[in-house]
Structure formats: structure tokens, C-alpha cells
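This report describes the strand pairing, helix packing and nonpolar cores of one protein model. The sequence and structure come first, followed by the description.

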Amino acid sequence: MADYIKSPLNYTGGKYKLLPQILPLFPEKINTFWDMFGGGFNVGINVEANKIIYNELLPELVYMFRYFKYRGIDKLLYETDIVMKKFELNEKNKNGYLELRRDYNESEEPFVNFETELYVLICHSFCNQIRFNKKGQFNMPFGKRTFNEEMKKNFIRFVKELQRKNITFSLWSATELPILRFGKDDLFYCDPPYLNSTATYNEQGRWKDEDEIKLLKWLDELDNKGIKFALSNNLKYENPYLKQWITENEGRYKVHYLKADYGNCNYQKKDKSKDCEVLVVNY
């Protein structure tokens, strides 16, 4: 596997392991790359383009990555270290984790800053995952893990690449982004929450039927205007809209079936229990 940059977040649905299959399927020349559902940013951080836009509806992630980009790496490591020392964080101190979580959720003035506290929380949370409740509070339980040397190494590489590339940040809803002044060399990459999945990012029904329908129509609009898109999804979930859209656009869009955890797949197979990762493109 090529030496790809790995996100410092263990984001559910992250595409790091699929990068060797996904990246070669992108156009060779990309002017502006829109990572419309940025998440952990595994895809966008590894794309070569004149400009890369990290777009995400979860503002906490946008603010955190933007902070990483414009803060010196030494200062980031220092801030991470003092938060861990303040709350005596390690893979065993559950009380320290809960104290930090309480400080992040309830304090108007954080001990260091909200961005660093959130990252340290994620490093010590269950499976290093991210979840906010309806009140906007981070509520992942303690994970019996800590910011170890491997995580530090990934963090440093990621931040350096974030700072090296021409990356900007936005909070657009994908289907509300005006399709104006985009060129034929721009690429919109969409990796939305998978409809009817039970991942932490979708536990509160964040992605609904109407969202899926609007996204597919929006992709059709991009195609009508000659703008390139690539859509990641997984056909193992009950998603009649996606399957119908793929069928209706046979010959218009190309479906690449990727080798996920269980190997090759085809959505027409009888066995629907296996992972069926696909990348749908219009070029």
C-alpha cells in the first residue's frame, strides 16, 4: 500500500483502506477538489489538486481542522500535552476523561481551547470515535486508550500535509451549494452517511430518505452542467433510492465495485450480507 496520509481521527466510514482503489479512479487533472462530506478527511488530504475544500456539516470538525492548519505543529503538540497532564489522561483514568468531557461540554472558557480539548477527547474515547447528542454535547464513553506514539506520528504527518496544501474549509449542505462557476476540471467527491446504517454518525437519524433523494438529484444536476462527481456508498444497506438511481442511469454513470472487507461485490448478487462498496462516477 502506498504511503498515504492517515487521518488522526478514527472516523466511522473512513476510506483510508480503500484509497489504493479510489484515488486511481479520480481524474488525473483536478483544479478544485470538493470533499463534500469531509469527515476524517482521509480522501481529501491525499488528493493532488490546485485547491482542496474540506466541507462538513459538523462545525466542530471544521473548526478543529482549520485550527490544525493555522497553528504550528509544536504548539499543537504542546497544547495536547498540557491537556493530558491537566486531566491526568491515560488508558486507565476514566474519571479524568469524564472531567475533560464535562469541561469541554459545559465550560464557557476551556482550559486550553475547544479544538484541542475535542481532539484529546477523541483520542481517549471509545474506538476513538465522535458523537454529539441533540444538545450538541460530546457524549462518547471512555475508551481505555490514549494518545500514543503511533497516534502522535499520524497526527504530525496529517497536520504537516494540511498545512502544505492549499486547503480551505466550508460548512455547506451539499444539496444547497449553488452550482455556479464550477469548471470541467473540478471534482465533487461525496461520501454521505449511509442510509439506514447504524454507525455513530447516524444514530439520531441524521441522514434520512429525503436527504438521499436530494443528493442523488443534485448529482444529476452536476452532470447536466458538465461537472464531474464521484459518489462513495455501500450497497449492503437497504437503500432502494440508490439502487434505482444506479439502474436508471446505466450507461450514463459508471459504477466501480471495490474490494472492501469481504472482497468483490455486485448489488445483483443474492447474498446481500457482504460489504458492497461502490464508487459511482460520471466521467
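In this predicted model, Trp 34 has Ile 53 of β2 as its bridge partner. The strands concerned, β1 and β2 (residues 51–55), run parallel and are joined by four bridges. Trp 34 points to one side of β1 (residues 32–35) together with Thr 32, while Phe 33 and Asp 35 point to the other, and all of them are buried. β1 also pairs with β4 (residues 187–190), again in the parallel sense, over three bridges. In that pairing Asp 35 stands opposite Tyr 189 of β4.

These strands belong to an open sheet of seven, ordered β3-β2-β1-β4-β5-β7-β6, with mixed pairing. β3 (167–170) and β6 (254–257) are the edge strands; each has a single partner, so one side of each has no neighbour in the sheet. On average, neighbouring strands of the sheet are turned by 20 degrees against each other, direction ignored.

An antiparallel pairing occurs between β5 and β7. Three of the pairings are set out below.

| Strands | Sense | Bridges | Opposed residues |
|---|---|---|---|
| β1 and β2 | parallel | four bridges | Trp 34 and Ile 53 |
| β1 and β4 | parallel | three bridges | Asp 35 and Tyr 189 |
| β5 and β7 | antiparallel | five bridges | Leu 231 and Val 280 |

β5 covers residues 228–234 and β7 residues 277–281. Helix α8 (residues 240–248) lies across β5, β6 and β7, and runs at about 135 degrees to β5.

Two other helices, α2 (residues 59–70) and α5 (residues 114–124), pack with their axes 9 Å apart and at an angle of about 105 degrees. They are therefore roughly perpendicular to each other. On the α2 side the contact is made by Glu 60, Tyr 63, Met 64, Tyr 67 and Phe 68, and on the α5 side by Glu 115, Thr 116, Leu 118, Tyr 119 and Ile 122. By class, the residues of this contact are seven nonpolar, one polar and two charged.

Phe 68 of this contact also appears in the largest nonpolar core, which has 60 residues; Phe 26, Phe 68 and Phe 138 touch the most other members there. Leaving out residues up to four places away in sequence, the residues touched by Phe 138 include Leu 118 and Ile 122, as well as Tyr 97, Tyr 104, Leu 121, Ile 130 and Phe 132. Arg 101, Asn 105, Ser 125, Gln 129 and Arg 131 are also touched by Phe 138. Another core lies apart from the largest one and has 27 residues, among them Phe 37, Leu 216, Trp 245 and Val 280.

Terms used:
Residues are numbered from 1 along each chain as its sequence is written. This is a predicted model: local features need pLDDT of at least 70, side-chain atom pairs count only at pLDDT 80 or more; totals for chains, interfaces and linings use all residues. Side-chain values use heavy atoms; hydrogens and water are left out. Axes are lines fitted to C-alpha atoms, for helices over the stretch in contact, and angles run from 0 to 180 degrees between N-to-C directions. Angles under 35 degrees count as roughly parallel, over 145 as roughly antiparallel, 65 to 115 as roughly perpendicular and the rest as oblique. Contact means heavy atoms within 4.5 Å. Ala, Val, Leu, Ile, Met, Phe, Trp, Tyr, Cys and Pro count as nonpolar, Asp, Glu, Lys and Arg as charged, and the others, Gly among them, as polar. A nonpolar core is a set of buried Ala, Val, Leu, Ile, Met, Phe, Trp, Tyr and Cys residues joined through side-chain atoms within 4.5 Å. Buried means under 20% relative accessible area, exposed over 50%, partly exposed in between (1.4 Å probe, protein chains only). Two strands pair if DSSP finds at least two bridges between them.
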